[in-house]
Number of protein chains: 2
Amino acid sequence: MARSWFGDLPEEQIEATVCPVTQTQDIIAGKWKIIILWNLSTQTRRFNELQRLLPNISKGILTRQLRELEEDNMVHREVYKEVPPKVEYSLTPLGQSFIPILQSMGEWSKKNLGAK
Amino acid sequence: MARSWFGDLPEEQIEATVCPVTQTQDIIAGKWKIIILWNLSTQTRRFNELQRLLPNISKGILTRQLRELEEDNMVHREVYKEVPPKVEYSLTPLGQSFIPILQSMGEWSKKNLGAK
DNA sequence: CTGGATCCGCTATGATACTG
DNA sequence: CAGTATCATAGCGGATCCAG
């Protein structure tokens with residue numbers, strides 16, 4: 001077992017503790033998670049809209065990544081019982097609270113990776 | 001092809017543009033990248049030290065993730081020609097400029113994911 | 001239109017043994 | 001100590017077909 005982010009807590013507490021940075025890592029792990037959140041940060045979007053916005057993502061993967069984000073309570077899925085069907089995705093409050101981090105990442109990238 | 005993060009740029013410019021958020025995603029993609037950077041954010045660390053700090057990571061993977069971070073200019077590798085060998089890893093200026101984002105992620109996690 | 005369900009291949013990850 | 005080399009494995013990502 002390892003530590004590092006917790007100091008010298010007693011073993012019992014260590015067992016019950018999870019590295020916060022790793023928790024975040026677990027949520028944004030997935031090739032498209034971050035860019036999906038990014039695209040939802042400004043507005044609600046429909047399934048097809050997301051697919052158009054994301055380069056080369058397949059339906060299956062988009063569905064799966066959205067479901068995982070839903071499970072993590074980052075994204076809300078609203079189904080309208082119409083014909084043809086209409087489904088809108090938006091950020092939950094938790095997802096919205098993550099927006100500043102997304103913006104930081106975008107700005108950091110533009111500032112530091114521009115020339116690469 | 002898709003867009004979204006760029007407005008209505010002419011096609012030629014679109015081709016040459018890369019989504020900044022995706023660039024960041026590419027760098028931190030990898031199961032251990034974020035936690036490695038996190039562990040290097042406070043101090044320089046030796047190879048074995050990192051392995052002790054990270055739960056269940058194997059040598060091969062640790063080596064590879066460090067190499068990739070090196071290629072992305074996030075981590076600096078300093079080799080001391082001694083016996084026994086000694087290698088120290090630290091953040092480059094680019095890596096250091098990423099620390100605020102790591103901190104944000106940690107704080108966001110502690111504040112919002114605590115109860116899960 | 002919005003996806004669910006399958007199948008499949010690749011890549012990242014992981015375990016182990018060996019080396020300078 | 002700090003890797004390298006090799007092999008095994010799992011899961012993700014992707015394509016395709018099917019359904020309400």
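Okay, starting with helix α7 of chain A: residues 99-112, so 14 residues by the numbering, and from first C-alpha to last α7(A) reaches 20 Å, close to the 20 Å expected at 1.5 Å a residue. That expected span is 1.5 Å times one less than the number of residues. Helices here are DSSP runs of H or I with at least four residues, strands are runs of E with at least two, and both are numbered from the N terminus.

Before I go on, the housekeeping. This is a predicted model, where local features need pLDDT of at least 70 and side-chain atom pairs count only at pLDDT 80 or more, while totals for chains, interfaces and linings use all residues. Residues are numbered from 1 along each chain as its sequence is written, chains are lettered from A and ligands numbered from 1 in the order in which they are written, and side-chain values use heavy atoms, with hydrogens and water left out.

Back to α7(A). Which of its residues are buried? Those are Ile99(A), Ile101(A), Leu102(A), Met105(A), Gly106(A), Trp108(A) and Ser109(A). Buried means under 20% relative accessible area, exposed is over 50%, and partly exposed is in between, with a 1.4 Å probe and protein chains only. If you look at the spacing, remember that an α-helix has 3.6 residues a turn, so residues three or four places apart point the same way. And what covers them? From chain A, the cover includes α3 (33-40), β3 (86-91) and α6 (93-97). From chain B, it includes α2 (20-28), α6 (93-97) and α7 (99-112). Contact, by the way, means heavy atoms within 4.5 Å.

Now the sheets, chain A to begin with. There's an open sheet of three strands in the order β1-β3-β2, with antiparallel pairing. The edge strands are β1 (45-46) and β2 (75-80) of chain A, each pairing on one side only. To count as paired, two strands need at least two bridges between them in DSSP. β1(A) and β3(A) have two bridges, running antiparallel, and Arg46(A) has Glu88(A) as its bridge partner in β3(A).

Over in chain B, there is also an open three-stranded sheet, order β1-β3-β2, antiparallel. Here β1 (45-46) and β2 (75-80) of chain B are the edges, each pairing on one side only. Two antiparallel bridges join β1(B) to β3(B), and Arg46(B) is partnered with Glu88(B). β2(B) and β3(B), residues 86-91, pair antiparallel over six bridges, and a hairpin connects them through five residues. Among the pairs there, Arg77(B) has Tyr89(B) as its bridge partner, and His76(B) stands opposite Ser90(B). β3(B) is mostly covered, with five of its six residues buried.

One more stop in chain B: Glu49(B), which sits in helix α4. A polar atom of the Glu49(B) side chain is 3.0 Å from the backbone nitrogen of Arg46(B). A polar contact is a pair of N or O atoms within 3.5 Å; within protein, one must be able to donate a hydrogen and the other to accept it, and residues adjacent in sequence count only if both atoms are side-chain atoms. Leaving out residues up to four places away in sequence, Glu49(B) touches Gln43(B) and Thr44(B).

On to the DNA, strand C. There are 19 residues around it, and the nearest are Asn48(A), Thr63(A), Arg67(A), Lys31(B) and Arg64(B). Sugar and phosphate make up 71% of the strand C atoms that come within 4 Å of the protein. That 4 Å, heavy atom to strand, is also the cut-off for calling a residue near. For phosphate oxygens of strand C, a polar side-chain atom of Arg46(A) is 3.0 Å away, one of Arg77(A) is 2.8 Å away, and one of Trp32(B) is 2.8 Å away. The elements giving two or more residues to that surface are α4 (47-53), α5 (59-71) and β3 of chain A, together with α5 (59-71) of chain B.

And strand D? Of the 20 residues around it, Lys31(A), Gln65(A), Pro85(A), Arg77(B) and Tyr89(B) come nearest. Sugar and phosphate account for 69% of the strand D atoms within 4 Å of the protein. Side-chain polar atoms lie 2.4 Å from a strand D phosphate oxygen for Gln65(A), 3.0 Å for Arg46(B) and 2.4 Å for Arg77(B). α5 of chain A, together with α4 (47-53), α5 and β3 of chain B, each give two or more residues to the surface near strand D.
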